Amino acid sequence: MLLVITTLLPAGPGPAGGATEWRWPLRPAPQVLRPYDPPAHPWEAGHRGADLAARPGQAVYAAGPGRVGYARDLAGRGVVTVIHGRLRTTYLPVRATVRPGRVVKAGTRIGVVEGVLGHCGQVACLHWGLRHGLSYLDPLILVGRAPVRLLPWWDDDPTVGMTPP
Ligand SMILES: [Zn+2]
C-alpha cells in the first residue's frame, strides 16, 4: 500500500484540530548548507538530513508538535529527537533545554546549537533529520522546500491496514 507523504505532512498551519503546523528549527529561516542526499542502498554512506547554517548558542526549536524522545549526549555531541506520531525529527549538535517526555509545540525552544565543528567543515551548522519508522526522509518537505515523494507505508502492527476501512 502506498500513501502520499502529503497526507502525513499537511503543509502549513491549518484550522484548529486540522493540519499539523511545521516550522524551521531555526529563526529566521536558515540557509541550507548541505541538502539531504540519501544513499542508493541503506548500508552506504549518504547524508540523511539537511545541514542548516547556524551560530553556536543559537536557539533551536521543535519543527512540529510532539514529545521529546531523547535529549542527551551521543559521541560528544548533544542530540535531541522529537516524536511526532509516526514521524521523528532529530537535531544535532544541540545542548538540550528540554527533557525526554516533554510535550512540545511547533516552535517550542528545545535547546541551543553547540559549537561543535566538523560536520560542516569550519562552520557551525545544525544537522536536521526526519525519519518515518526506519526510513529517512528529507526534512525540508516539512517546510515545503523539497519535492514530495511516495514512500512505502507500513505499520508496527502487521494487521493494521489489511482490513478495508
Ligand atoms: Zn548533516
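Let's start with the lining of the largest pocket: its largest share, four residues, comes from β11. Please keep in mind that this is a predicted model. The space in that pocket comes to about 360 Å³. How many residues line the largest pocket, and which are closest to its centre? There are 17 of them, and R48, T90, L92, H127 and Y136 are the closest to the centre. Besides β11 (125-132), the elements that give two or more residues to the lining are β5 (66-74), β6 (77-84) and β7 (87-92). If you sort the lining by class, you get six nonpolar, seven polar and four charged residues.

One name there takes us on to the metal. H127, one of the residues closest to the pocket centre, also coordinates the zinc ion through its ND1 atom. The other donors are H47 (NE2), D51 (OD) and H119 (NE2), and the distances run from 1.9 to 2.0 Å. What is the geometry of the zinc site? The site is tetrahedral, with angles of 101 to 116° among the four donor atoms. For comparison, ideal angles for four tetrahedral donors at a metal are 109.5 degrees. Along the chain, the zinc donors follow the spacing H-x3-D-x67-H-x7-H. Distant parts of the chain are linked here: D51 sits in strand β3 (residues 50-53) and H127 in strand β11, 76 residues apart.

Now let's go back to β5 and β6, which we met in the pocket lining. These two strands run antiparallel and are joined by seven bridges. If you want a spot to look at, find Y70, which stands opposite T81 in β6. Together β5 and β6 make a hairpin with two residues between them. Which residue in that turn has a positive phi? That is A75, in the loop between β5 and β6, and its phi is near 55°, a positive value in a residue other than glycine. β5 also pairs with strand β9 (residues 103-104), in the antiparallel sense and over two bridges. On that side, R67 stands opposite V103 in β9.

Next, a sheet. Three strands form an open sheet in the order β4-β10-β8, with antiparallel pairing. Why do β4 and β8 each have one side without a neighbour in the sheet? Both β4 (59-61) and β8 (94-96) stand at the edges with a single partner strand each, so one side of each is left free of a neighbour in the sheet. On average, and ignoring direction, neighbouring strands of this sheet are turned by 40° against each other. As a general reminder, strands of a sheet pair through backbone hydrogen bonds, either parallel or antiparallel. Here, β4 and strand β10 (residues 109-113) run antiparallel and are joined by three bridges. Within that pairing, V60 stands opposite G111 in β10.

Last, two peptide bonds to find in the loops. The bond from R27 to P28 is cis, with omega near -5°. P28 lies in the loop between α1 (5-8) and β2 (32-34). Where is the other one? The peptide bond from L92 to P93 is cis, with omega near -5°, and P93 lies in the loop between β7 and β8. That brings us back to where we began, with L92 among the residues closest to the centre of the largest pocket.

Key: Residues numbered from 1 in each chain as written. Predicted model: local features only at pLDDT ≥ 70, side-chain atom pairs only at ≥ 80, totals over all residues. Heavy atoms only, no water. Pairing = 2+ DSSP bridges. Axes fitted to C-alpha atoms, helices over the stretch in contact; angles between N-to-C directions. 1 Å grid on protein atoms, 1.4 Å probe; cavity = no way out; pocket = protein on both sides within 12 Å on 5 of 7 lines; lining within 4 Å. Points joined across faces, edges and corners; volume = space filled by probe spheres on them. Nonpolar A, V, L, I, M, F, W, Y, C, P; charged D, E, K, R; others polar. Donors = N, O, S within 2.8 Å, 3.2 Å for Na, K, Ca; no water. Tetrahedral: all angles 85-135°; square planar, octahedral: opposite > 155°, others 65-115°.
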